[in-house]
Amino acid sequence: MAYQCDIRISDHAIRIQSPQGRIIPGRLIRSIVHNLEVQYQLYEFSMIRGAKQLQELEDVVDVVNLKRGYQCVIQKLHPSLYDESVIRLTAEELDEFAATVPSDEQMVVADYTVSMPAEYFILVTDNIQRFVTFANHLKLDGFPAMRECAARLGDAAISIFDEDDMIIEYQDEKLPDILMQDLEPWLKTPLHVKDLDLN
């Protein structure tokens, strides 16, 4: 039995939070990616500075130029968001994650094999070239402006903080139904709220 995350839904935003001391299950994240990629293109994005840093990155799709010499690099999603076997946990990591699992629950290793930084951002779009053209035209001031651009000009933006808090801000009214397909094992009953307090 999968452990379940809280889900709250407001106008054009969804927040998924794992139980205290747990991470959002890898199987849930992979299912969301799978669901959305039926209809959309998904890319991770992050801020860098300088051509040298850009050359060191893999799977770069495009770049949005920000002010003051910074860039937002758009890349293909990390392979672990598709394949649970990409990440091999060490014995120490397995012990660390097992310590968070209640005694009446069996640990599922696949839930702990998604690789992402402490702050991870995904752009959801139906046309990456058009999005990048618009974003570059706006001459965005910095990374917060890029995140807002992804949420407003893309079909959606997904932000994951500390592996336990996921926020999906979306424009396409069809997106929640697409995203929520077959996610019941990992989610509690959705709670509809007026405001999610995303700050």
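**Notebook: charges and rings**

I began with Asp95, which counts as exposed because its relative accessibility is 55%, above the 50% cut-off for that class. The model I am reading is predicted.

**Entry 1: around Asp95**

I looked up where Asp95 sits and found the residue in helix α3, which covers residues 91–98. I then asked which residues form a negative surface patch with Asp95. I noted Glu92, Glu93 and Glu96 as the other members of that patch.

**Entry 2: aromatic pairs**

I searched the whole structure for aromatic pairs and got 5. I took Phe45 and Phe143 from the list, and the pair is tilted because the planes stand at 45 degrees, with the ring centres 5.6 Å apart. I placed Phe45 in strand β3 (residues 41–49) and Phe143 in helix α5 (residues 143–153), so this pair ties together parts that are 98 residues apart in sequence.

Are these two rings buried or exposed? I found Phe45 buried, at 5% relative accessibility. I found Phe143 buried as well, with a relative accessible area of 13%.

I next looked up Phe121, which forms an aromatic pair with Phe143. I recorded that pair as edge-to-face, with 5.2 Å from centre to centre and 65 degrees between the planes. I put Phe121 in strand β6 (residues 119–125) and Phe143 in helix α5, so the pair joins parts that are 22 residues apart in sequence. I have Phe121 down as buried, because its relative accessibility is 5% and the limit for buried is under 20%.

I then asked which residues the ring pairs link into a cluster. I wrote down Phe45, Phe121, Phe143 and Phe161.

**Entry 3: salt bridges**

How many salt bridges does the structure hold? I counted 7, and I looked up some of them.

I started with Asp6, which forms a salt bridge with Lys188, and the closest N and O atoms are 3.2 Å apart. I located Asp6 in strand β1 (residues 6–10) and Lys188 in the loop between α6 (175–179) and β9 (191–192), so this bridge ties together parts that are 182 residues apart in sequence. I noted Asp6 as partly exposed, with a relative accessible area of 36%. I noted Lys188 as partly exposed too, at 40% relative accessibility.

I went on to Asp126, which forms a salt bridge with Arg130. I read 2.8 Å between the closest N and O atoms of this pair. I have Asp126 as partly exposed at 42% relative accessibility, and Arg130 as partly exposed at 40%.

I also looked up Lys174 and Asp172, whose side chains meet in a salt bridge at 3.3 Å, N to O. I then asked what class each partner falls in, buried or partly exposed. I found Lys174 partly exposed, at 45% relative accessibility. I found Asp172 buried, because its relative accessible area is 14% and buried means under 20%.

**Entry 4: what I keep**

I keep the exposed Asp95 and its negative patch. I keep the cluster of Phe45, Phe121, Phe143 and Phe161. I keep the bridge between Asp6 and Lys188, and the bridge in which Lys174 is partly exposed and Asp172 is buried.

Note on methods
Residues numbered from 1 in each chain as written. Predicted model: local features only at pLDDT ≥ 70, side-chain atom pairs only at ≥ 80, totals over all residues. Heavy atoms only, no water. Patch = residues over 30% accessible without salt bridge, like charges linked within 9 Å, V, L, I, M, F, W, Y side chains within 5 Å. Areas by Shrake-Rupley, 256 points an atom, 1.4 Å probe, with all protein chains shown as cover. Salt bridge = Lys/Arg side-chain N within 4 Å of Asp/Glu carboxyl O. Lys, Arg positive; Asp, Glu negative; His and termini not counted. Charge placed at Lys NZ, Arg CZ, Asp CG, Glu CD. Helix = DSSP H or I, 4+ residues; strand = E, 2+ residues; numbered from the N terminus. Buried < 20%, exposed > 50% of the residue type's maximum accessible area, 1.4 Å probe, protein only. Phe/Tyr/Trp six-rings, centres within 6.5 Å; stacked < 30°, edge-to-face > 60°.
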